[in-house]
Amino acid sequence: MTELLTYLDYNATAPVRPEAVAAMAEALGAGGNPSSVHGAGRLARRAVENARERIAAAVNVDPAHVVFTSGGTEANNLAVAGFPGHHLVISAIEHGSVMAPALMFDPHATIVAVDADGVLDLSALEHALAATPIPALVSVMLANNETGVIQPVAAAARIAHRFGALLHCDAVQGLGKIPVDIAALGADFVTLSAHKLGGPLGAGALVLANGAAPRPRALGGGQERGRRAGTENVPAIVGFAVAVERARADGAAIPTIAALRDDLERRILAAAPGARVIGAGAPRLPNTSCLVMPGVANETQVMALDLAGIAVSAGAACSSGKVARSHVLAAMGLDDAIAGSAIRVSLGWRSNAADIDRLVAAWTELYARTRAKRAPRAVANA
Ligand code: PLP
């Protein structure tokens, strides 16, 4: 990722940490299939198991309960589709990698509402479970990727367990930004992803808090104790572990990131009447801001900022690169005009005050330009 860019799209992916790059290069150079019994295989196995132990320690679980996957999407799919016969109960703001398999595997899945700040409605969850006659799996994310709003996962887990249901938590956006202690979360399954915190793309894990596993989807070689077949991506797994540890070591920088984000919001709100911060009334990730520039389409904002060398995203950029209507903002009751003019700014380990200065300057310049176009022309005196 070029250093010249003002990169403020960490919730899409974070720049890879140099320590992770170095460790991955070494693992790639070493080669070896962790399932081979010879020396090269044993070395690769040791690298994988060492990474598993380090990641497990960071999130407070037994290493045997960490199942490596190709990323957050696969881990979410594994959990959500892994309990045939269970009724699925998911929050209205889940990522597509929870939402799509839930609706495919349980066309009658219950979608639980969030409030105007984007926080899960716990009494609606309770009602949904009370009305569910069969075993259920609940899925609630730790923090939303578009708004950064943190969800009451521990409370949701207590409710789910009271009704005999299982609880899965997509913690992809939380890891590296807020503490993720799986025992404290109370979830039965937790999804992690490497690339949101400075690890490589294409690596993640499903953590089985109690050891019970969903039905496997990838079958074959019996890797990952039969829970996910396929030769492990050793370099990516090694890079994942290094990134998790670096992110933990950088924990002291989180208040600085939060201060930069707060400064950004203060300056935008002061400069632009009508601007607003979505989800500001709820606890949020320290790095995320969902900002509305009234009357200016988010696509226009993203393009104008891109021209100024600043990378941000519209809340819901899908894989086609097009901007889709945000189901998250719709679930919060925001109308299309507001939702369609919201962008997501997300900071991370390399962000600094100059990035915020550049963003504020470009954002306010665009705001002024769009207002000037709309202002009625002065009528010349006859
Ligand atoms: N869950 C959330 C909340 C996300 O933001 C993302 C990535 O955008 C994912 C899951 C998917 O993770 P991955 O990109 O590792 O497949």
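## Helix 4 and its surroundings

The cover over the buried residues of helix 4 includes helix 3 (72-80), strand 3 (87-91), strand 4 (110-112), strand 5 (136-139), strand 6 (166-170) and helix 11 (327-331). Contact here means heavy atoms within 4.5 Å, and helices (H or I, at least four residues) and strands (E, at least two) are DSSP runs numbered from the N terminus. In helix 4 (residues 96-105), S97, V98, M99, P101 and A102 are buried, that is, under 20% relative accessible area (1.4 Å probe, protein chains only).

## Basis of the model

This is a predicted model, in which local features need pLDDT of at least 70 and side-chain atom pairs count only at pLDDT 80 or more, whereas totals for chains, interfaces and linings use all residues. Residues are numbered from 1 along each chain as its sequence is written, and side-chain values use heavy atoms, with hydrogens and water left out.

## Nonpolar cores

The largest nonpolar core (buried Ala, Val, Leu, Ile, Met, Phe, Trp, Tyr and Cys residues joined through side-chain atoms within 4.5 Å) has 58 residues, and L167 and F240 have the most contacts inside it. Helix 8 (residues 234-249) supplies the largest share of this core, ten residues. Another core, of 24 residues, lies apart from it and includes M293, I343, L366 and Y367.

## Ligand site

The ligand is surrounded by 14 residues, the closest being T73, D170, Q173, S193 and K196; a surrounding residue has a heavy atom within 4 Å. Helix 3 gives the largest share of this shell, three residues.

Oxygen atoms of the ligand lie 2.8 Å from a backbone N or O atom of G72, 2.8 Å from a side-chain N or O atom of H195 and 2.7 Å from a side-chain N or O atom of K196.

Technical notes: Buried means under 20% relative accessible area, exposed over 50%, partly exposed in between (1.4 Å probe, protein chains only). A polar contact is a pair of N or O atoms within 3.5 Å; within protein, one must be able to donate a hydrogen and the other to accept it, and residues adjacent in sequence count only if both atoms are side-chain atoms.
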